[in-house]
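Please open the structure in a viewer and keep the selection panel at hand. The tour proceeds by selections, each followed by a description of what is found there.

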Amino acid sequence: MKYTSKDIQKILTSKTAINGLDYITPIYQEAKTALWLMEAMGLEADLIIKWVEEIVQQILPQTADWALDYWEQEYNLPVHPDISLEERREKVLTAVRTRAPMNPEKLEEVLEIIFKIEKAKVIERTAKNTFEVQLYKQFLEDEWAVVFKTIEKYKPAHLILEAKSILETPFSIECYIDGAVFGPVLETILPETETIYDFQVTAQLVSDCCSIESTILPEIIAERRN
């Protein structure tokens with residue numbers, strides 16, 4: 001605003017009207033009737049500007065608030081006004097992403113969001129019409145039904161799904177499995193006593209001096225018995 005007066009300060013409250021003073025002659029700074037007309041038109045213009053700004057905000061799920069109800073209805077999501085806006089926006093964004101053509105990278109991203117895990121990996125063509133999903137998180141037995149149901153929802157119908165949970169446990173120096181030493185040593189010493197295992201586990205151990213890709217512990221025992 002290039003100029004002002006007592007009447008301008010007293011009458012004009014509309015931001016649009018105040019900004020409009022720069023486009024008219026200063027002679028109206030003392031004309032109360034003209035100022036009141038500018039105020040009335042300015043208030044209407046303020047409402048239009050506010051409406052446009054809100055529409056722009058609502059057309060993106062990242063910034064929407066009251067329009068989230070419509071977003072949720074569009075993607076057949078339950079309307080949850082009792083949870084936070086951030087959670088509702090995340091659910092909508094996940095639904096938007098999954099409407100796009102699904103490729104391995106997209107499926108990994110979706111699974112990481114849904115199950116709140118740091119890493120998911122999709123391996124294609126592990127066998128004929130088969131692919132594998134590796135989830136880097138531990139799941140309980142009853143949770144796997146949800147995992148498979150979720151992946152089946154997004155995968156191509158003709159492909160066979162194999163899924164597994166992978167837990168990564170780093171070791172700083174050495175790893176001991178029933179007395180066997182895996183680490184920066186020249187030789188591996190197996191125990192002289194025999195231990196009976198009642199479970200099967202696959203261990204992948206990698207270090208600077210050795211790499212054991214797949215070791216089935218019960219098979220080691222079988223070899224020792226022979």
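The stops below go from the whole chain to a core, a sheet, a helix and an aromatic cluster.

**Before selecting**

The model is predicted: local features require pLDDT of at least 70 and side-chain atom pairs count only at pLDDT 80 or more, whereas totals for chains, interfaces and linings use all residues. Numbering starts from 1 along each chain as its sequence is written, and side-chain values use heavy atoms, with hydrogens and water left out.

**Whole protein**

Display the protein as a cartoon: there are 8 helices and 7 strands. These elements are DSSP runs numbered from the N terminus, helices being H or I of at least four residues and strands E of at least two. Buried residues account for 29% of the 226 residues; the classes are buried (under 20% relative accessible area), exposed (over 50%) and partly exposed (in between), with a 1.4 Å probe and protein chains only. Of the contacts (heavy atoms within 4.5 Å) between residues at least 6 apart in sequence, 39% join residues at least 24 apart.

**The largest nonpolar core**

Next, select L111, F131, V133, L135, V147 and I151, the residues with the most contacts inside the largest nonpolar core, which has 16 residues. Such a core is a set of buried Ala, Val, Leu, Ile, Met, Phe, Trp, Tyr and Cys residues joined through side-chain atoms within 4.5 Å. Two or more residues of this core come from each of α6 (104-115), β1 (120-127), β2 (130-135) and α7 (144-154).

Centre on L111, in helix α6. L111 is buried, at a relative accessible area of 0%. Beyond four places in sequence, the contacts of L111 include V133, L135, T150 and I151. L111 and V133 are 22 residues apart in sequence, with a C-alpha to C-alpha separation of 9.7 Å. Then move to F131, which touches, among others more than four places away in sequence, L107, V122, I151 and L161.

**The sheet**

Select the three strands in the order β1-β2-β3: they form an open sheet with mixed pairing, where two strands pair if DSSP finds at least two bridges between them. β1 and β3 (160-165) are at the edges, each with a single partner strand, so one side of each has no neighbour in the sheet. From one strand to the next, the twist averages 25 degrees. β1 and β2 are paired in the antiparallel sense over 5 bridges; I123 has E132 in β2 as its bridge partner.

Add α6, which packs on the sheet, touches β1 and β2, and makes about 135 degrees with the direction of β1. Axes are lines fitted to C-alpha atoms, for helices over the stretch in contact, and angles run from 0 to 180 degrees between N-to-C directions. α7 lies across β2 and β3, at about 140 degrees to β3.

**Helix α7**

Which residues of α7 are buried? They are W144, V147, T150, I151 and Y154. Viewed down the axis of α7, they fall within an arc of 125 degrees, so they line one face of the helix; the arc is that of the directions from the helix axis to the C-beta atoms. A145, K149 and K153 are exposed on the other side of α7.

**The aromatic cluster**

Finally, select F115, F139, W144 and F148, which form one aromatic cluster. The whole structure has 3 aromatic pairs. In one pair, the rings of W144 and F148 have centres 5.9 Å apart and planes at 45 degrees, so the pair is tilted. Rings of Phe, Tyr and Trp (its six-membered ring) pair if their centres lie within 6.5 Å; planes under 30 degrees apart count as stacked, over 60 as edge-to-face and the rest as tilted. W144 is buried at 19% relative accessibility, and F148 is partly exposed at 30%.
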